[in-house]
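Reader: Before I trust any labels, I'd like to hear the reasoning behind them. Could you walk me through it?

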Amino acid sequence: MIYILQMIREWLPLFVAASKGHIVAVSSIAGLMATSNLVPYCSSKYAVKGLMDGLHEELRYAGRHPDIKFTCVHPFVVDTGLAQKPRIRFPSFNPITAPSECAEKIIEGVRREEEMVCIPSKDYYGHKMMNVLPIGVRKAFLDFMDTGVDEHDS
């Protein structure tokens, strides 16, 4: 998170002066829906989303800087080695994404000026649908999907 803040402090004044720019930050699906065994990770990814939402609204409000764009990226699991023990009940439905494919999707989203990019893209609609469901139904669905990260060996 500190790197994102440092980059924004460096670049945002230049974007404001030029009346254009595009800020991209990588959060995670875990920044939209928390999972067990990843509380610090989920917290930091929710913070990235909150930062992007807040900055976007601050610059958008009252037409202050409408030409500065924001894209927040929410990948599921990217094959970087970070997730040591991912648990994916339906890997064909929730695949692990190669870093190169993830980069391609981010570039596509930036070119389209999308504010939210989910990887895989179907997760965007899944997230939207989950938010309208009653909390009990949402929890039952998440339990059924059984997706998360198992505890690491100490």
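Author: Sure, and keep in mind that this is a predicted model. Let's start with Asp 123: setting aside neighbours within four places in sequence, Asp 123 is in contact with Ile 29, Phe 76, Asn 94 and Cys 118. Asp 123 is part of helix H4, residues 122-132.

Reader: Why is Asp 123 called buried?

Author: The cut-off for buried is under 20% relative accessible area. Asp 123 comes out at 13%, so the residue counts as buried.

Reader: What makes the link between Asp 123 and Lys 122 a polar contact?

Author: The N or O atoms have to be within 3.5 Å, and for residues adjacent in sequence both must be side-chain atoms. Here the contact joins the two side chains, Asp 123 and Lys 122, at 3.0 Å.

Reader: And what does Lys 122 lie over?

Author: The face of Phe 93, with 4.1 Å to the ring centre. The distance limit for a charge over a ring is 6 Å. Arg 89 gives another case: its charged end sits over the ring of Phe 144, 4.7 Å from the centre.

Reader: How many aromatic pairs are there?

Author: The count is three. One of them is Trp 11 with Phe 15, 6.0 Å from centre to centre and with 35° between the planes.

Reader: Why is the pair of Trp 11 and Phe 15 called tilted?

Author: Centres must lie within 6.5 Å to pair, and planes under 30 degrees apart would be stacked, while over 60 would be edge-to-face. With 6.0 Å and 35°, Trp 11 and Phe 15 make a tilted pair. The two sit four residues apart in helix H1 (residues 2-18), so about one helical turn separates them.

Reader: Buried or exposed, how do Trp 11 and Phe 15 come out?

Author: Phe 15 has a relative accessible area of 15%, so it is buried. Trp 11, at 41%, is partly exposed.

Reader: What makes Phe 90 and Phe 144 a tilted pair?

Author: Their ring centres are 5.5 Å apart and their planes meet at 40°, so this pair is tilted. Phe 90 and Phe 144 link distant parts of the chain, 54 residues apart: Phe 90 is in the loop between strand S4 (86-87) and strand S5 (96-97), and Phe 144 is in helix H5, residues 135-145. Phe 90 is partly exposed at 29%, and Phe 144 is partly exposed at 46%.

Reader: How many salt bridges does a search of the whole structure find?

Author: Four. As a rule, side chains of opposite charge can pair when their charged atoms come close.

Reader: How do you know that Lys 49 forms a salt bridge with Asp 53?

Author: The nitrogen has to be within 4 Å of a carboxyl oxygen. The closest N and O atoms of Lys 49 and Asp 53 are 2.5 Å apart, and that makes a salt bridge. Both residues lie in helix H2 (residues 39-60), four residues apart, about one turn of the helix.

Reader: What about Arg 60 and Glu 57: why are they separated by about one helical turn?

Author: Because they are three residues apart in helix H2. Their side chains meet in a salt bridge, 2.7 Å from N to O.

Reader: And why is Arg 112 called exposed?

Author: Exposed means over 50%. Arg 112 has 58%, so the residue is exposed. Its salt bridge is with Glu 114, the closest N and O atoms being 3.6 Å apart. Glu 114 has a relative accessible area of 27%, so that residue is partly exposed.

How values were computed:
Residues are numbered from 1 along each chain as its sequence is written. This is a predicted model: local features need pLDDT of at least 70, side-chain atom pairs count only at pLDDT 80 or more; totals for chains, interfaces and linings use all residues. Side-chain values use heavy atoms; hydrogens and water are left out. Buried means under 20% relative accessible area, exposed over 50%, partly exposed in between (1.4 Å probe, protein chains only). A charge sits over a ring if NZ of Lys or CZ of Arg is within 6 Å of the ring centre and within 35 degrees of the ring normal. A polar contact is a pair of N or O atoms within 3.5 Å; within protein, one must be able to donate a hydrogen and the other to accept it, and residues adjacent in sequence count only if both atoms are side-chain atoms. Contact means heavy atoms within 4.5 Å.
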